[in-house]
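Please open the model in your viewer and keep the selection tool at hand. We will go from one selection to the next, pausing at each stop to see what is there.

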Amino acid sequence: MPNIMKIFSGNANPAMAQAICEYLDLPLSAAEVKKFSDGEISVEIGENVRGTDVFVVQPTSPPVNDHLMELIIMVDALRRASARRITAVIPYYGYARQDRKVRPRVPITAKAVAEMLMAVGTRRVLCMDLHAGQIQGFFNIPVDHLYAAPILLKYIRETFDDVVMVSPDAGGVERTRAFAKRLNAGLAIIDKRRERANECEAMHVIGDVKGKTAILLDDMVDTAGTLCGAAAKLTEMGAREVHACCSHAVLSGPAIDRLEKSCIKSLVVTDSIPLRDNAKDCKKITVLTVAELLGEAIRRIHNEDSVSYLFV
């Protein structure tokens, strides 16, 4: 078993990596990630890693391609520097939405990313709230799939009352039902029809939301079209207030403008992805940290202890 643990970070979320190191009472290990003038990424590991248990904290968040290549190149550098085991800590797994063929002649990018990570020498993956659970099966190495649910559940219990949990689409029903069960709350589902990527139309609500605090639950918020459309429909159906909880705050394109203009009272997200500047200025957004959750998982992986203790 490796007896020395080192934590490295790319440029995607250095603040999270630093928070994890503080939880583990370890220094953040030295690595320089820079670009050549043509945009190629260069990585140089700044300390000896021979025979060590290495964890690379790097969500593949926007700009997704840059951060994914940083992760791949850093893993390759660590493998060539003789690290004993390399674990990719990916709080947000980019390209996860393309996890199956839904039309002819389209890729399965979630699988392609898994193949790349394994090819360069990743020996374990630690991730959180994958878009689809079956992505774990795309890897031929151990995958520890954590959930932000304990943190979100605690916040909901302490903040809201008379709650009904709402799934913004059919795909999120299982996740929303699990929350509703643990909160002893009602369950509702939005029936929506997506005409094209990042555009949707909320059709009607299945379940009783009248006079209740409706909490929309999803794994990620990207352009916020789904959440804002669902919130408008819930308000129309008599919900007293509408809030939203999402693990990953992608918040691309017109997301912030939509949130500001929507009837959503608050959006609760985790720090798996660092907020952009315009999102930091949005008073509707509340950020909860998952650094301790990831830090405890890293400690348990290093010590060969059970990680399932951290699951809901």
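Are Y93 and F139 buried or exposed? Select both residues in this predicted model, and you will find that Y93 is buried and that F139 is buried as well. Their ring centres lie 6.1 Å apart and their planes meet at 75°, so the pair is edge-to-face. Y93 sits in the loop between strand 5 and helix 3, while F139 sits in the loop between strand 6 and strand 7, so the pair ties together parts that are 46 residues apart in sequence.

Next, select Y155 and F160, whose ring centres are 6.1 Å apart with the planes at 70°, so this pair too is edge-to-face. Y155 and F160 are both buried. With these two stops you have visited the aromatic pairs of the model, for the count comes to two.

**Along helix 9**

Now colour helix 9, which covers residues 291–302. Its twelve residues should span 16 Å at 1.5 Å a residue, and the C-alpha atoms at its ends are 16 Å apart, which agrees. Ten of the twelve residues are buried, so helix 9 is largely enclosed by the rest of the structure; among the buried ones are A291, L294, I298 and H302. If you step just past the end of helix 9, you reach E304, which takes a positive phi of about 60°.

**Into the cores**

Which residues touch the most other members of the largest nonpolar core? Select L146, M165 and I298, for these three do so in a core of 39 residues. Helix 9 gives this core its largest share, namely six residues. Keep I298 selected and show what surrounds it: apart from neighbours within four places in sequence, I298 is in contact with M5, I7, I20, L24, F55, V89 and L126. A second core, separate from this one, has 35 residues, including L71, A88, C127 and the F139 of our opening stop. As background to such groupings, nonpolar side chains tend to be buried together in soluble globular proteins.

**Salt bridges**

Across the whole structure a search finds 18 salt bridges, and we will look at a few of them. Begin with R85 and D53, whose side chains meet at 2.8 Å from N to O. R85 belongs to strand 5 and D53 to strand 4, 32 residues apart, so that distant parts of the chain are linked. Both of these residues are buried, and R85 counts as buried because its relative accessibility is 13%.

Leave R85 selected and add E304, the residue just after helix 9, because R85 and E304 also meet in a salt bridge, at 3.5 Å from N to O. This pair again links distant parts of the chain, from strand 5 to the segment after helix 9, across 219 residues. Unlike the buried R85, E304 is partly exposed, with a relative accessible area of 47%.

Then move to R175 and D218, whose side chains form a salt bridge at 3.9 Å from N to O. R175 lies in helix 5 and D218 in strand 11, so the pair ties together parts that are 43 residues apart in sequence. R175 is partly exposed at 24% relative accessible area, whereas D218, at 11%, is buried.

For the last stop, select D161, D162, K212 and R240 together, which are joined into one network by salt bridges that share partners.

Key: Residues numbered from 1 in each chain as written. Predicted model: local features only at pLDDT ≥ 70, side-chain atom pairs only at ≥ 80, totals over all residues. Heavy atoms only, no water. Core = buried A, V, L, I, M, F, W, Y, C linked by side-chain atoms within 4.5 Å. Buried < 20%, exposed > 50% of the residue type's maximum accessible area, 1.4 Å probe, protein only. Helix = DSSP H or I, 4+ residues; strand = E, 2+ residues; numbered from the N terminus. Contact = heavy atoms within 4.5 Å. Salt bridge = Lys/Arg side-chain N within 4 Å of Asp/Glu carboxyl O. Phe/Tyr/Trp six-rings, centres within 6.5 Å; stacked < 30°, edge-to-face > 60°. Expected span 1.5 Å × (residues − 1).
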